[in-house]
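Here are a few exercises on helix packing, domain contacts and backbone oddities. Try each one with the viewer open before you read its solution.

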Amino acid sequence: MNALPSEERLAKGPVAVFECLQQIPCNPCAEACPRKAITVEHMNDCPSLNEALCNGCGVCMSKCPGLSIFVVDATYEQNKGLVKIPYEFFPLPKENQMVDALNRSGECVGLAEVVRVQVSPNKTNIIWLALPKQMIMEVRAIRLREEEHHG
Amino acid sequence: MMKKEILVIGAGPAGLMAAIHAAETGAQVLLVERAEGLGGQLIKQTHKFFGSKAEYAGDRGIDIAAKLIDWSKKLSNIMIWTKATVLGIYPDGVVTISHEGKFTLVKPEKIIVATGAAEKTMAFPNNDLPGIYGAGAAQTLMNVHSVLPGKRMLMVGAGNIGVIVAYQLMQAGVKVVGVVEAAPQIGGYRVHAAKLQRNGVPIYTSHSIKAAHGTEVLEGVTICKLDEKWQPIEGSERYIAIDGLCLSVGLTPLTELLWQAGCKMEFINELGGYVPLRDANMMTTNSNIFIAGDVAGVEEASAAMIEGKLAGLYVAAMLGHQKDWFLQDFQLAKQQLSALRSGPASAKVCVGLSKAILEEVV
């Protein structure tokens, strides 16, 4: 199984990252992909991504019941990368807003700029974050800064 | 006394599917539900379900509930009683029901029991303080009744219900200070746990609740670390101020009616407690009583739905409503169920089922 995209693939543009490393009976991601880039051969297999077919569109992200798919783009800007995260909290961040960027343990590792908020009909919204390129494989959640002040 | 071909007891995922698939063959079905509305636990499951397309994977439980309820109401041969509690199943096959306060007798030819499961609790000092909930109860309060169960809360149990409800508490605006789990590892799916962890909720494995504190309501708890024999480690106690505590320490099948009907029962730890012995078609040791869903063994809603479909199709066929698509539909459902259960996440359930299934019918 290819857990993480190769350096070579990262250099080519946006691509999905599957942080789904435990065998559970689940396959909606494979059904969701319009480019047939995702394979879940048996329902309990972890998804396998054909990197060449994936264009990082993120359709699978809002379908995934485990919210375990992210899209990263190392080619976003010269110094900045892009991370798309699934988001199911209110309020939604606003575009151009600066938010705390959290790693997989919920620790704040820096700031991210919200560049797009994709509202999804199934309520798993997708937040696009621009952040320092070296953080694209680290940042997986955000915390709205206003909220902190309210405690 | 009302006569019916099939009585389905419980209108959760298993009971709804059983009633729908039996009725689709033309059978006359009475579906009785103790609550005011249909859907069972689905009506508060705001998360998306695992599984495959056949089990509505990727849809939220609340949306699956709406689909199944709508489907059941469109079938004119399903009579639906809500606020109807089954009181007993008698040796002559008569079932007594309290329906909207009236005592009613029903004589079904076959019964499908889909009564589900109840939450277990745990013993510790002051566990009766207001503010201490079963995780399912807290979920009902917030997701069904829009009542916030607390402002600052702790979850006990990192199984799937624990991690899912903790996340839903966060979505409702509760500050979740952590999840305490007695086992040395997280029992729930890693992806669910990861949703909490990346949002800053710590999961304390090998930890337990020592005591709750508060004069009139919950004000805090003492947690402690457990050694490899699950015994509290002295000096590891820590006080956490909270106004809400959720217990998610397992479910146990709601089997009273099956005991009373004389079905042969067996204690099977892997399935959550006492469960009825059954054959591969969900028939208990009483050939008129079938089971589906958590009452047959605690498992996920996706499995409950397929069990319901199997029981509904099979019972209808026994009563002569065997359509030409029966065998294909029935085999397909069986394949879906075994595909769901084929992975490591279902290993425990499969061990339990191997003890509960009397014979393998091919």
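**Exercise 1.** Work out how H7(B) and helix H8 (residues 326-340) of chain B run relative to each other: roughly parallel or roughly antiparallel?

*Solution.* Bear in mind that this is a predicted model.
- Start with the axes: those of H7(B) and H8(B) come within 10 Å and cross at roughly 155 degrees.
- Angles over 145 degrees count as roughly antiparallel, so H7(B) is roughly antiparallel to H8(B).
- Next, the hand: H7(B) and H8(B) make a left-handed crossing.
- Now pick out the contact. On the H7(B) side you should find Ser302(B), Ala303(B), Ile306(B), Glu307(B), Lys309(B), Leu310(B), Leu313(B), Tyr314(B) and Ala317(B). Facing them from H8(B) are Phe326(B), Asp329(B), Phe330(B), Ala333(B), Lys334(B), Gln336(B), Leu337(B) and Leu340(B).
- Sorted by class, the H7(B)–H8(B) contact has 11 nonpolar, two polar and four charged residues.

**Exercise 2.** Stay with H7(B), but turn to helix H1 (residues 13-24) of chain B, and find which residues of the two helices meet.

*Solution.*
- The axes of H1(B) and H7(B) (residues 301-318) come within 7 Å, crossing at roughly 30 degrees.
- Angles under 35 degrees count as roughly parallel, so H1(B) is roughly parallel to H7(B).
- H1(B) goes past H7(B) in a right-handed crossing.
- H1(B) brings Pro13(B), Ala14(B), Met17(B), Ala18(B), His21(B) and Ala22(B). They meet Ala301(B), Ala304(B), Met305(B), Gly308(B), Lys309(B), Gly312(B), Leu313(B) and Ala316(B) of H7(B).
- The class count for H1(B) with H7(B) is 10 nonpolar, three polar and one charged.
- Compare the lists: Lys309(B) and Leu313(B) of H7(B) turn up in the contact with H1(B) and also in the one with H8(B).

**Exercise 3.** Describe the packing of H3(B) against H4(B): is the crossing left-handed or right-handed?

*Solution.*
- Helix H3 (residues 135-143) and helix H4 (residues 160-171) of chain B have axes 10 Å apart, at an angle of about 30 degrees.
- H3(B) and H4(B) are therefore roughly parallel.
- The crossing is left-handed.
- Ala135(B), Gln139(B), Met142(B) and Asn143(B) of H3(B) touch Ile161(B), Val165(B), Gln168(B) and Leu169(B) of H4(B).
- That contact splits into five nonpolar, three polar and no charged residues.

**Exercise 4.** Switch to chain A and find how much area is buried between domain 1 and domain 2.

*Solution.*
- Set the bounds: domain 1 of chain A spans 1-71 and domain 2 spans 76-151.
- Taken over C-alpha atoms, the centres of these two domains of chain A are 20 Å apart.
- Each side puts residues into the contact: 13 from domain 1 of chain A and 13 from domain 2 of chain A.
- The buried area comes to about 1100 Å², with carbon and sulfur atoms giving 63% of it.
- On the domain 1 side of chain A, Ser62(A), Leu67(A) and Phe70(A) lose the most area to domain 2, together 42% of what that side buries.

**Exercise 5.** Track down the backbone oddities at Pro91(A) and Lys123(A).

*Solution.*
- Recall the background: most residues other than glycine have a negative phi, and most peptide bonds are trans.
- Phe90(A) and Pro91(A) are joined by a cis peptide bond, with omega about 0 degrees. Look for Pro91(A) in the loop between strand S5 (80-87) and strand S6 (98-102) of chain A.
- Lys123(A), though not a glycine, has a positive phi of about 75 degrees. Its loop runs between strand S7 (108-118) and strand S8 (125-132) of chain A.

Terms used
Residues are numbered from 1 along each chain as its sequence is written. Chains are lettered from A and ligands numbered from 1 in the order in which they are written. This is a predicted model: local features need pLDDT of at least 70, side-chain atom pairs count only at pLDDT 80 or more; totals for chains, interfaces and linings use all residues. Side-chain values use heavy atoms; hydrogens and water are left out. Axes are lines fitted to C-alpha atoms, for helices over the stretch in contact, and angles run from 0 to 180 degrees between N-to-C directions. Helices (H or I, at least four residues) and strands (E, at least two) are DSSP runs, numbered from the N terminus. Angles under 35 degrees count as roughly parallel, over 145 as roughly antiparallel, 65 to 115 as roughly perpendicular and the rest as oblique. A crossing is left-handed if the near helix is turned anticlockwise from the far one by less than a right angle, and right-handed if clockwise. Contact means heavy atoms within 4.5 Å. Ala, Val, Leu, Ile, Met, Phe, Trp, Tyr, Cys and Pro count as nonpolar, Asp, Glu, Lys and Arg as charged, and the others, Gly among them, as polar. Domain bounds come from an automatic or database domain assignment. Buried area is the accessible area (1.4 Å probe) that two parts lose on being put together, summed over both.
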